[in-house]
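Please consider the structure shown below. The explanation after it is written for a reader who has not met this structure before.

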Amino acid sequence: MKTIIVIGNGMVGYKFCEKFIAKNNQSDFKIIVFGEEPRPAYDRVHLSEFFENQDAKALEMAPKSWYEDNGIELITHTRITDIHRTQKTITSVDEKVYSYDYLVLATGSSAFVPPIKGVEKKGVFVYRTIEDLEGMLAYASQLKKKNPNARAAVLGGGLLGLEAGKAVMDMGLEPHIVEFAPKLMPRQLDSRSSQVLQLKLESIGLNIHLSKATNQILGNDGYITGMEFGEDDVLNVEMLIISAGIRPRDELGRTCDLEMGVRGGIVVNNKMQTSDPNIYAIGEVALYNHMIYGLVAPGYDMADVAANQILGQTESLMSDEIDMSTKLKLIGVDVASFGEPFMPASKGHSIIFENKTQHLYKRINVSLDGKSLLGGILVGDATDYNMLHQIYLNGMAIPEDPAQLILPASEGGASFGDVTDLPDEAQVCSCESVTKGQICSTIENGEATDVTGVISCTKAGTGCGGCKPMVTDLTNATLKALGIEVKEGVCEHFDLSRQDLYKIIQVKGYTTFNEVIDNHGNGGHGCELCKPLVASLMASINADTANKEYAIQDSNDRFLANIQRNGTYSVVPRVPGGEITPDKLIALGKIAKKYDLYTKVTGGVRIDLFGATLQQLPLIWKELISHGFESGHAYGKSLRTVKTCVGSTWCRYGMDESVSFGIELENRYRGIRAPHKIKGGVSGCIRECAEARGKDFGLIAVEGGWNLYLGGNGGATPRHAELFAEQIDNETVIKYLDRYLMFYMRTAKPLQRTAAWQERLEGGLDYLKDVIIEDKLGIVDDLENEMQTLVNKFECEWTQAVNDPEMMKRFNHFVNSEEEDDNLVFVPMRDQKMPEPWK
Amino acid sequence: MEDILNKYTTTELDNVKVWFKAALVSDFPVDGGACVKYKDKQIAVFNFNRTQTWYACQNLCPHKLEMVLSRGMIGDQGGIPKVACPMHKKTFSLKTGENLNGNLEAIATYPVKIENNIVYIGFSE
């Protein structure tokens, strides 16, 4: 038995273990891993997510038990202080000695702190570990108590610095980015793309200061109060995060006399061996080809090479050319660069597409003969990245007019580049080094039959996740090529698509989940995917409320309320069009006060009452109903609100009565259950105060009627609704909307909103007009009748529930006790209450 | 915080010392779950009516430590009976307690028996 000691339990150190134990002939080796941090390796690339959820476990590469299960001894919270090469031993900080046969140095890097006067002041942080982040959070929350408008700066406008800027925003401080260079992300972006990025970031509230050299950190009583750039040039900040680059953690190499780079880093050859053949170095501590590579993908490749070398596979070598392409989402903005992003004019031509109003920039660099792609930069929209990157990596042919590669696909023109054109050796997942050939062969050998299978066989897509769309496309294309029908089944219990199930339930008239799964499923009990789907379909077809067969409803529908962070619920009564009488407002206020509910106006112009326990829900609703309220279906995949501006009733610019029409529409479509939530908006003039174009359906009053817009939404992928019909009257609006919504309910995929559904309709908006206005499919009468039936059958499900003692049984925390959940803890916040924060 | 998790440990049928009489079969939803209070514990009990089988586990989801699992949707994955937490849809095997779609700690499970239409849960103390 030989011993491998891995010093460093970061992403690359972990990857070495993972790769090593997956190889053949590794059973003769024992691995001991030392980590300096208190917890096992975590995903540093996604560190900023910690600010969103403070869930350190979610970032873990693998839980502690994984090391145990695989026979790896993991010793965290322990720094190694010495290497004795002649004895082949190491000493830990607690003075224990361990012998090794092979040593792998994966000590990574630390944040570089420039020698600025005053940098030791309290409130100055680096951005590197979870402990750093915890320190920042604690400090920021103290700051905000003293000054809710406190400012924090990030020193460094590179990739990590901008991530840290996002963290500052998430902490609720005013964010400032200070960069020494005259542009952001100087290593990845050219000046123009950097400007586009800057405009975008400024538009979301980041303050950016370029060409600033910090002379000193100002302070008071040992705490930072500002940064001084020059005489009279001071930025007042109460917190500073330094993100000015990294320095390899190479001190162990230095003290045991390994060959070192002039500016740090432990020199390795293409076997990842240091100057001592029994000692390997991988990741950010390794100096390979005179370079430190600060990206995960080359680090993972190094881990693989080192593992192979130790196992005697001497032909496994690190390649000479390392791909430094990156794609990431910075504060919600796509940024990507690949190949040679800045190319001298002598080597080729650049094609640049820039649209500052939309914060878009695309540049590709093409060889002088116009035949190959040398590199490029994308800001604002990186959907083309995967394909461009593949074309670049594989030296694939490019179109005669290379501009087609980045210009928006023109009407009718096929977009260039299809995954199936890639050569087999094309590396699709660069984090895990998975090629197209490997992905396709898992399907061809029958190892995998769907995307989930491919991912678990190859690990493709488990790193940064950027290649997932490509893996999905490749999987589907391969299945298709093999003549295997790409499963559109909703889950393992049904091979049928949502649309198929819709038809079956409609034709057969099923009314229970058991009928559907017994007659058309693959056996079993169903699951959290198919049960709510079948419930929703039966509701769309039969106008059932969620009270029918409540155990198959999505858990929010089951309790007719939205579950909140601590397991309590929110209560949202319907306020059609946002119009509410003073009496009803008073009633809401009294009820909220009586039950001590946190109260907030929602984005959908109504009032949300938070913190109701299960037992309180029916009591609260009884009172609301007695004041004339009804369910607002805020929990349902159904109509939420129709937002309105005040319109011609009061507004001096109003062209029509937007409130009246909004109320009519909201009352018409309330309670109707659809594949996803639906929102509407009605504006009284083109000033568009109701933001109707950001809704699934939107109306804007114009001279001579309404303009109808369809398929918009906010959310993760905001999209403006498309103009569908102009200057139509109220009656026509309702006719078109009935048809549109019903057609959507019949044909969309599960949990697909109108925007995504509309975008994927073959033939697009023109086809939709053919179906809805021209009645090309001959179905508009059916659609209208089906909708009218749903409208006629509407019943408030909360009124149903509170009037039925049997239904009321659902709303108890315990089945054998009247007590409430004793695990609930609330803390005060701004004169109201909130659930205790998650640990 | 760990204390609350430590309250719950899997009880094997062989180690049952107390059969706690929880409630009537009819008090539980068909193909769904409800929560039972036993001493200072909250136990989620699920009625898989399609196969006439019952399962019990801690009500505490180990992800965010909230008492919510009994309100989750039940079903199966490849034949393994499971519950999906209503918070973030983390799924757990009701046979072994294992987290089926992630790396969370396993949840504690408890034996259930039905006699004369009464649901009993087995505890070791």
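The following paragraphs treat the two chains, their cores, their contact and some selected elements.

The model is predicted. Its scores are ipTM 0.91 and pTM 0.55. For chain B, the mean pLDDT is 91, and 98% of the residues of this chain reach 70 or more.

Chain A has 839 residues, of which 47% count as buried. Its secondary structure consists of 26 helices and 38 strands. When contacts in chain A between residues at least 6 apart in sequence are considered, 62% of them join residues at least 24 apart.

Chain B has 125 residues, and 46% of them count as buried. One helix and twelve strands are found in chain B. Along the sequence their order is α-β-β-β-β-β-β-β-β-β-β-β-β; the helix thus precedes the strands. Among the contacts in chain B between residues at least 6 apart in sequence, 49% join residues at least 24 apart.

The interior may be considered next. The largest nonpolar core comprises 133 residues, and those with the most contacts inside it are Phe16(A), Val104(A), Leu105(A), Leu240(A), Ile282(A) and Ala306(A). Helix α9 of chain A, residues 296–310, gives the most to this core, contributing nine residues. Ala306(A) offers a view of the surroundings: with neighbours within four places in sequence left aside, Ala306(A) is in contact with Phe16(A), Val104(A), Met272(A), Tyr280(A) and Ile282(A). Another core, of 89 residues, lies apart from the largest one; among its members are Ile541(A), Tyr569(A), Leu60(B) and Val119(B).

How many residues does each chain bring to the contact between chain A and chain B? Chain B provides 34 residues and chain A provides 26 residues. On the side of chain B that touches chain A, at least two residues each come from β1 (18–24), β2 (32–38), β6 (66–67), β7 (73–77) and β8 (80–84) of chain B. Sorted by class, this side of chain B holds 18 nonpolar, seven polar and nine charged residues.

Two helices of chain A deserve attention. Helix α21 of chain A, residues 730–747, has 18 residues and reaches 26 Å from its first C-alpha to its last, close to the 26 Å expected at 1.5 Å a residue. The buried residues in α21(A) include Val733(A), Tyr736(A), Leu737(A), Phe743(A) and Met745(A), and also the charged residues Asp738(A), Arg739(A) and Arg746(A).

In helix α23 of chain A, residues 764–772, Leu768(A), Val771(A) and Ile772(A) are buried. Because these residues cover an arc of only 85° around the axis, they are on the same side of α23(A). The cover over the buried residues of α23(A) includes α21, α22 (754–760) and α24 (780–792) of chain A.

A single strand residue completes the account. Val234(A) is located in strand β15 of chain A, which spans residues 233–236. Is Val234(A) buried or exposed, or does it fall in between? Val234(A) is partly exposed, because 15 other C-beta atoms lie within 10 Å, whereas a buried residue would need 20 or more and an exposed one 12 or fewer. Leaving aside neighbours within four places in sequence, Val234(A) is in contact with Leu218(A), Gly226(A), Met227(A) and Glu228(A). Asn215(A) is 19 residues from Val234(A) along the chain, and the C-alpha atoms of Val234(A) and Asn215(A) are separated by 9.9 Å.

Key. Residues are numbered from 1 along each chain as its sequence is written. Chains are lettered from A and ligands numbered from 1 in the order in which they are written. This is a predicted model: local features need pLDDT of at least 70, side-chain atom pairs count only at pLDDT 80 or more; totals for chains, interfaces and linings use all residues. Helices (H or I, at least four residues) and strands (E, at least two) are DSSP runs, numbered from the N terminus. Two residues are in contact if their C-beta atoms, placed from the backbone, lie within 7 Å. A nonpolar core is a set of buried Ala, Val, Leu, Ile, Met, Phe, Trp, Tyr and Cys residues joined through C-beta atoms within 7 Å. pLDDT is the predictor's confidence in each residue, from 0 to 100. The expected span of a helix is 1.5 Å times one less than its number of residues. The arc is that of the directions from the helix axis to the C-beta atoms.
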